[in-house]
Amino acid sequence: MISNRVTKLPKGTTYNFVIGHLNSEIKEGYKVLETGCGATLYRDVVKSLEAIYIGTDVPNQHYGNLQTLDSFCSAENLPFADGSIDIVFNQGAIDYMPDLPATLQDAYRVLAPGGKMIIYTYRKDILEMIHENVMATARDWELQHHVFSTQELLDHLAQAGFRAKDVSFELKSWEPGYNIQRISEIAGIYSFFNRQRTRWRVFVADKLV
Ligand SMILES: C[S@@+](CC[C@H](N)C(=O)[O-])C[C@H]1O[C@@H](n2cnc3c(N)ncnc32)[C@H](O)[C@@H]1O
């Protein structure tokens, strides 16, 4: 049943590892599409790289400032021309998109040859916790929520035509706070904790030329 309650969510969180990764992938003049963007948290990051940011999401009354969106649309049916985008990315959102194969196929369609899809998604055990919570609350934008293994997502990406890889442990996605992170880096134990403690998985999928 769809809940009529309007719960204002916090605006969401930007992560340093996402900002760093976007910095390494986005070039000046790129068209960068964020799907399931919520409060368009990464608009300024993309703009600071002299690239064009396009934030899209389905109508979602739970975010306070949706007037910042560029287009209301489902990630499964994007209103953009074939081959018109350089990077499609999303953070903590792919698990909410009802039809994963259709979502990946449409990202593939709008990407230019040589373009990339980047997915920042939670670890499987975290998705399982979210799933339990979603099933209990059933807010309008959460009626679907998926849990997938790394291999399942890689298989879906391959079926959509991408050459995809899991780069989770190449990025510093364990962010315990600046001091602890720096001390563990200096002590040489950061990568161990990064693998053990990060809540994130990161996938980079290339649309080959
Ligand atoms: C947990 S929120 C994450 C929002 C934002 N990316 C962030 O990190 O703050 C999940 C988002 O997925 C969006 N979503 C759900 N179904 C979608 C669909 N079919 N197409 C695009 N976005 C969708 C929701 O509206 C919501 O904004």
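Here are some friendly notes on this predicted model, taken point by point.

1. **Overall make-up.** The chain contains seven helices and seven strands. Read from the N terminus, the elements follow the order α-β-α-β-β-β-α-β-α-α-β-α-α-β. The chain has 209 residues, and 34% of them count as buried. If you look at the contacts with a separation of 6 or more, 68% come from residues 24 or more positions apart.

2. **The sheet.** A good place to start viewing is the open sheet, in which seven strands are arranged as E3-E2-E1-E4-E5-E7-E6 with mixed pairing. Its edge strands are E3 and E6 (163-166), each of which pairs on one side only. As a general reminder, strands of a sheet pair through backbone hydrogen bonds, in either the parallel or the antiparallel sense.

3. **From E3 to E1.** E3 (residues 71-72) runs parallel to E2 and is joined to it by two bridges; here Phe 72 is the bridge partner of Asp 57. On to the next pair: E1 and E2 are also parallel, with four bridges between them. Two residues of this pairing are easy to pick out, since Leu 33 stands opposite Ile 54 in E2, and Glu 34 has Gly 55 in E2 as its bridge partner. The unit formed by E1, helix H2 (residues 43-48) and E2 is a right-handed β-α-β unit. As for cover, five of the six residues of E2 are buried, which leaves the strand mostly covered.

4. **E4 and its two partners.** All the residues of E4, seven of seven, are buried, so this strand is largely enclosed by the rest of the structure. E4 runs parallel to E1, with three bridges joining the two, and Val 32 has Ile 87 in E4 as its bridge partner. E4 is also parallel to E5, this time through six bridges; one residue to look at is Phe 89, whose bridge partner in E5 is Ile 118. Between E4 and E5 the chain passes through H3, and this β-α-β crossover is right-handed.

5. **Helices against the sheet.** H3 lies across E1, E4 and E5, and its direction is at about 145° to E5. H5 packs on the sheet too, touching E6 and E7 and making an angle of about 160° with the direction of E6.

6. **The nonpolar core.** The largest nonpolar core holds 39 residues, and those with the most contacts inside it are Val 32, Ile 87, Val 88, Met 117, Leu 157 and Phe 203. Elements that each supply at least two residues of this core include helix H1 (16-25), strand E1 (31-34), strand E4 (85-91), strand E5 (111-122), helix H5 (150-159) and strand E7 (200-206). Ile 87 deserves a look by itself: apart from neighbours within four places in sequence, its contacts are Glu 25, Ile 26, Tyr 30, Val 32, Gly 115, Lys 116 and Ile 118.

7. **Helix H4.** This helix offers a simple check on geometry. H4 (residues 124-137) has 14 residues, which at 1.5 Å a residue should span 20 Å, and its end C-alpha atoms are indeed 20 Å apart, so the two agree. H4 is hardly covered, with one buried residue among its 14.

8. **Around Ser 191 and Lys 172.** Ser 191 belongs to helix H7 (residues 190-197), while Lys 172 sits in the loop between E6 and helix H6 (178-186). Ser 191 has 14 C-beta neighbours inside 10 Å and therefore counts as partly exposed. Lys 172 is partly exposed as well, with 17 other C-beta atoms within 10 Å. These two residues are 19 residues apart along the chain, and their C-alpha atoms are separated by 8.0 Å. Phe 169 can be added to the picture: from Ser 191 it is 22 residues away in sequence and 7.8 Å away in space, C-alpha to C-alpha. Setting aside neighbours within four places in sequence, Lys 172 is in contact with Phe 17 and Asn 194.

Technical notes:
Residues are numbered from 1 along each chain as its sequence is written. This is a predicted model: local features need pLDDT of at least 70, side-chain atom pairs count only at pLDDT 80 or more; totals for chains, interfaces and linings use all residues. A residue is buried if 20 or more other C-beta atoms lie within 10 Å of its own, exposed if 12 or fewer, and partly exposed in between; C-beta atoms are placed from the backbone. Two residues are in contact if their C-beta atoms, placed from the backbone, lie within 7 Å. The expected span of a helix is 1.5 Å times one less than its number of residues. A nonpolar core is a set of buried Ala, Val, Leu, Ile, Met, Phe, Trp, Tyr and Cys residues joined through C-beta atoms within 7 Å. Two strands pair if DSSP finds at least two bridges between them. A crossover is right-handed if, with the strands pointing away from the viewer, the path from the first strand over the helix to the second runs clockwise. Axes are lines fitted to C-alpha atoms, for helices over the stretch in contact, and angles run from 0 to 180 degrees between N-to-C directions.
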